[in-house]
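Me: I should like a close look at one part of this protein: its interior. Please describe the surroundings first and then go through the side chains that meet there.

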Amino acid sequence: MYDSLTFEIKTDIADSNVKWASFTYNGVRYEIRPALDESGNVDNAETLKWCKDHLESLQDDEETI
């Protein structure tokens, strides 16, 4: 699921030290904090997993209503 999902890293407008993983799914734009490695660099594979996990968590919420 979410096989074609991609994200881009954006820098926070108010604090240039903060990064966001920005992605769109079904026409809705989401931004979450990216996964970082030991050096503080974005871990792309783990961030993509977090993006997918975020969407899964939203689906879980909809199912409980």
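Reply: The nonpolar core and its setting

The secondary structure of the protein comes to one helix and three strands (DSSP runs numbered from the N terminus, with helices of type H or I and at least four residues, and strands of type E and at least two). The model is predicted, so local features are reported only at pLDDT of at least 70 and side-chain atom pairs only at pLDDT 80 or more, whereas totals for chains, interfaces and linings use all residues. Residues are numbered from 1 along each chain as its sequence is written, and side-chain values use heavy atoms, with hydrogens and water left out.

From the N terminus on, the elements follow the order β-β-β-α. The C-alpha trace spans about 40 × 25 × 20 Å along its principal axes. Of the 65 residues, 20% count as buried (under 20% relative accessible area; exposed is over 50% and partly exposed lies in between, with a 1.4 Å probe and protein chains only).

The strands form an open sheet in the order β1-β2-β3, with antiparallel pairing (two strands pair if DSSP finds at least two bridges between them). Because β1 (8-11) and β3 stand at the edges with a single partner strand each, one side of each has no neighbour in the sheet. On average, neighbouring strands are turned by 35° against each other, direction ignored (axes are lines fitted to C-alpha atoms, for helices over the stretch in contact, and angles run from 0 to 180 degrees between N-to-C directions).

Strand β2 (residues 19-25) and strand β3 (residues 28-32) run antiparallel and are joined by five bridges. One of the bridge partners is isoleucine 32 in β3, which pairs with alanine 21. The two strands make a hairpin with two residues between them. Asparagine 26 lies in the loop between β2 and β3 and has a positive phi of about 50° although it is not a glycine. With 68% relative accessibility, asparagine 26 counts as exposed.

The interior itself comes next. The largest nonpolar core has eight residues: Tyr2, Leu5, Ala21, Phe23, Tyr30, Ile32, Cys51 and Leu55 (such a core is a set of buried Ala, Val, Leu, Ile, Met, Phe, Trp, Tyr and Cys residues joined through side-chain atoms within 4.5 Å). At least two residues of this core come from each of β2, β3 and α1 (44-63). Ala21 and Ile32, bridge partners across the hairpin, are both members of the core.

Leucine 5 is a member from the segment before β1. Its relative accessible area is 8%, so leucine 5 is buried. Not counting residues up to four places away in sequence, leucine 5 touches Phe23, Thr24, Leu48, Cys51, Lys52 and Leu55 (contact means heavy atoms within 4.5 Å). Among these neighbours, Phe23, Cys51 and Leu55 also belong to the core. By contrast, the C-alpha atoms of leucine 5 and leucine 36, which are 31 residues apart along the chain, are separated by 19 Å.

Threonine 47 is located in helix α1 and is buried, at 0% relative accessibility. Leaving aside neighbours within four places in sequence, threonine 47 is in contact with Phe7, Ala21, Pro34, Ala35 and Val42. Ala21 is one of the core residues. Across the protein, residues 24 or more positions apart account for 30% of the contacts with a separation of 6 or more.

Aromatic rings also meet in this region. A search of the whole structure finds two aromatic pairs (rings of Phe, Tyr and Trp, the last by its six-membered ring, pair if their centres lie within 6.5 Å; planes under 30 degrees apart are stacked, over 60 edge-to-face and the rest tilted). The rings of tyrosine 2 and tyrosine 25 are edge-to-face, because their centres are 5.0 Å apart and their planes stand at 80°. This pair links distant parts of the chain, with tyrosine 2 in the segment before β1 and tyrosine 25 in strand β2, 23 residues apart. Tyrosine 2 is buried at 8% relative accessibility, whereas tyrosine 25 is partly exposed at 24%. The rings of phenylalanine 23 and tyrosine 30 have centres 5.3 Å apart and planes at 25°, so this pair is stacked. Phenylalanine 23 and tyrosine 30 are both buried, and both belong to the core.

A further ring takes part in a charge contact: the charged end of arginine 33 sits over the ring of tryptophan 20, 5.6 Å from its centre (the criterion is NZ of Lys or CZ of Arg within 6 Å of the ring centre and within 35 degrees of the ring normal).
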